[in-house]
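Okay, thanks for coming, everyone. Let me put the model up and then we'll walk through it together.

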Amino acid sequence: MKPLYNLATKIAEKALPLAGRFNHKLKLFTEGRKSVFDKLQAEIDPAEDYLWFHAASLGEFEQALPIIEEVKKEFPKYKVLITFFSPSGYENKKNHPLADVITYLPLDTANNAKRFLALVKPKIAFFIKYEIWPNFLTELKKQNIKILLVSGAFRENQVYFKPYGGFMRKALSNFDHFFVQNETSAELIKSIGFNNITQSGDTRFDRVSRQIQYNNTLDFAEEFINNKTCLVAGSTWPEDEEILLPFINQTSAGIKIIIAPHEIKEEKIKALEQKIKRKSIRYSAKENQELANFEVLILDTIGLLGKVYSYANIAYVGGAAGTSGLHNILEPATFGIPVIIGKNYNNFPEAIRLRQLAGLFSVETSSEFSEVIEKLLANKEYREKTGMIAGHFINSNTGATQTIINYLKRLPGFS
């Protein structure tokens with residue numbers, strides 16, 4: 001299996017630049033990696049010790065962030081390197097102030113791993129959630145660099161738990177410790193012979209729980225909402241919008257609606273605008289406008305959704321109406337509001353659990369969505385009780401970050 005994996009990686013290394021000519025994301029993926037080693041050569045200080053955090057994309061970065069924040073406080077002598085696999089992660093966070101160096105992860109070849117580690121020489125490598133790269137892990141182990149998986153999530157349909165998954169199980173054996181999100185993940189890892197496990201929970205709970213402590217004031221949101229009930233639909237895809245639009249266009253509830261599409265390309269925003277029959281405005285066009293006169297605000301920017309959720313009475317979180325993957329339901333839940341999602345959420349344990357607790361609703365059609373939201377709008381006591389369940393769900397699941405920090409404090413020679 002290892003020769004096949006390495007061959008496939010080599011083929012991808014050659015094929016991706018060609019594919020990038022026809023796909024913007026793949027172009028960023030390949031172009032960004034051309035300068036990785038030059039960037040590391042220029043920005044890594046050989047006199048300093050580094051902690052390396054690797055995240056696939058934005059969601060995994062949010063899981064790493066509370067750990068990075070605490071590491072900076074508890075172990076200030078260490079520098080922080082963050083790598084991303086995907087362009088959506090790197091392009092959005094390449095200038096994040098908490099990191100000393102941010103770059104792409106080179107493709108997982110043995111030579112790239114050796115070259116990368118020769119430049120970085122990390123004290124500890126943190127891999128987030130399910131980032132398993134066999135050649136990097138093997139080389140880290142050879143160099144006696146401690147490797148941790150944090151906020152690990154495992155499912156029984158993954159290759160590690162299949163008869164033919166020996167190569168990837170061997171990759172897992174390089175980890176010094178697994179910090180996993182839930183009991184299911186812990187039991188699955190134990191079933192293939194690992195006991196170096198802590199069921200710590202998901203660090204995203206720590207991340208979102210802190211949001212409520214920050215200054216979430218947004219003048220434009222206050223002006224737009226104008227003391228009315230507000231629905232915030234975050235990270236929506238076209239499949240989500242098909243569910244939302246009939247209600248938006250037909251409701252007589254007099255509520256304000258903020259939509260934050262996942263993709264903010266001009267053609268996508270324009271297509272959405274054309275489908276909205278209510279008086280709508282884009283965030284980018286808000287200057288010199290009386291925002292209170294509009295019924296729908298389209299958030300055609302990034303970086304504000306977390307704060308915008310603080311103004312919501314009800315949230316719809318996108319991604320689960322189609323197959324793109326459910327976005328972060330914890331961001332709105334931390335503000336103690338009901339959350340509505342689409343039907344495809346079986347791979348998201350936090351959504352499963354919150355629905356079991358009755359703090360979250362799953363809908364499949366526009367009529368189901370209208371039924372749920374109209375009940376929430378009509379019954380304030382029901383809405384607030386549902387939101388209280390969501391808020392308590394967040395508060396009762398914090399602490400993963402501190403568990404990891406406590407582990408670091410006990411490591412010999414690490415301070």
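Which residues do ring pairs link into a cluster? Ten names to read out, so bear with me: Trp52, Phe116, Phe127, Phe136, Phe154, Tyr160, Phe161, Phe175, Phe178 and Phe194. Before I go on, keep in mind that this is a predicted model.

So, aromatics. The whole structure holds 25 aromatic pairs. Take Phe154 and Tyr160, which pair edge-to-face, with the centres 5.7 Å apart and 75 degrees between the planes. Phe154 has a relative accessible area of 5%, so Phe154 falls under the 20% cut-off and is buried. Its partner Tyr160 comes out at 7%, so Tyr160 is buried too.

Now a pair I like for another reason. For Phe205 and Phe393, the ring centres are 5.3 Å apart and the planes sit at 75 degrees; that angle is over 60, so we call the pair edge-to-face. What does this pair link? Distant parts of the chain: Phe205 is in helix 10, residues 203-211, while Phe393 is in helix 18, residues 380-395, and the two are 188 residues apart. Both of these Phe residues are buried.

Staying with rings for a moment, we also have charges sitting over them. The charged end of Arg33 is over the ring of Phe29, at 3.8 Å from the ring centre. Then there's Lys279, which lies over the face of Phe294, 4.9 Å from the centre of that ring.

Okay, zooming out to the domains. The domain assignment splits the chain into domain 1, made of 1-201 plus 399-410, and domain 2, covering 217-396. If you take the C-alpha centres of domain 1 and domain 2, they lie 32 Å apart.

What does UniProt have to say? From an unreviewed entry, residues 45-206 are listed as "domain: 3-deoxy-D-manno-octulosonic-acid transferase N-terminal". In our model that span, 45-206, is 40% helix and 22% strand, with its end C-alpha atoms 31 Å apart. There's also a "coiled-coil region" listed for residues 262-289, again from an unreviewed entry. When I look at residues 262-289 in the model, the chain there is 36% helix and 11% strand, and the end C-alpha atoms are 25 Å apart.

Next, the residue people always ask about. Which residue does UniProt list for "active site"? That would be Glu60, and once more the entry is unreviewed. You'll find Glu60 in helix 4, which runs over residues 58-74. Is Glu60 buried or exposed? Its relative accessible area is 7%, which is under 20%, so Glu60 counts as buried. The side chain of Glu60 reaches the backbone nitrogen of Ser57, at 3.0 Å. If you leave aside the neighbours within four places in sequence, Glu60 is in contact with Ala55, Ile128, Lys129 and Tyr130.

On to helix 7, residues 134-142, where we find Asn135. Asn135 has 7% relative accessibility, so with the cut-off at 20% we count Asn135 as buried. What does the side chain of Asn135 reach? One partner is the backbone oxygen of Asp108, at 2.8 Å. There's also a side-chain to side-chain polar contact between Asn135 and Asn6, at 2.9 Å. Beyond the neighbours within four places in sequence, Asn135 is in contact with several residues, including Lys2, Tyr5, Thr109, Ala110 and Ala113.

As for the rest of that helix, the buried residues of helix 7 are Pro134, Asn135, Phe136, Leu137, Glu139 and Leu140. Phe136 is one of the names I read out for the ring cluster at the start. And just after helix 7, have a look at Asn144, which takes a positive phi of about 60 degrees.

Last stop: Val339, in strand 13, residues 339-341. Relative accessibility there is 0%, so Val339 is buried. Which residues is Val339 in contact with, leaving aside its neighbours within four places in sequence? Ala315, Val317, Ile329, Pro332, Ala333, Gly359, Leu360 and Phe361. And C-alpha to C-alpha, Val339 and Ser362 are 8.7 Å apart in space, with their positions 23 residues apart in sequence.

That's my tour, and I'm happy to go back to any of these spots on the screen.

Notes
Residues numbered from 1 in each chain as written. Predicted model: local features only at pLDDT ≥ 70, side-chain atom pairs only at ≥ 80, totals over all residues. Heavy atoms only, no water. Phe/Tyr/Trp six-rings, centres within 6.5 Å; stacked < 30°, edge-to-face > 60°. Buried < 20%, exposed > 50% of the residue type's maximum accessible area, 1.4 Å probe, protein only. Helix = DSSP H or I, 4+ residues; strand = E, 2+ residues; numbered from the N terminus. Lys NZ or Arg CZ within 6 Å of the ring centre and 35° of its normal. UniProt positions renumbered as here; feature names shortened; annotations may be inferred. Contact = heavy atoms within 4.5 Å. Polar contact = N/O pair within 3.5 Å; in protein donor to acceptor, adjacent residues only side chain to side chain. Domains from an automatic or database assignment.
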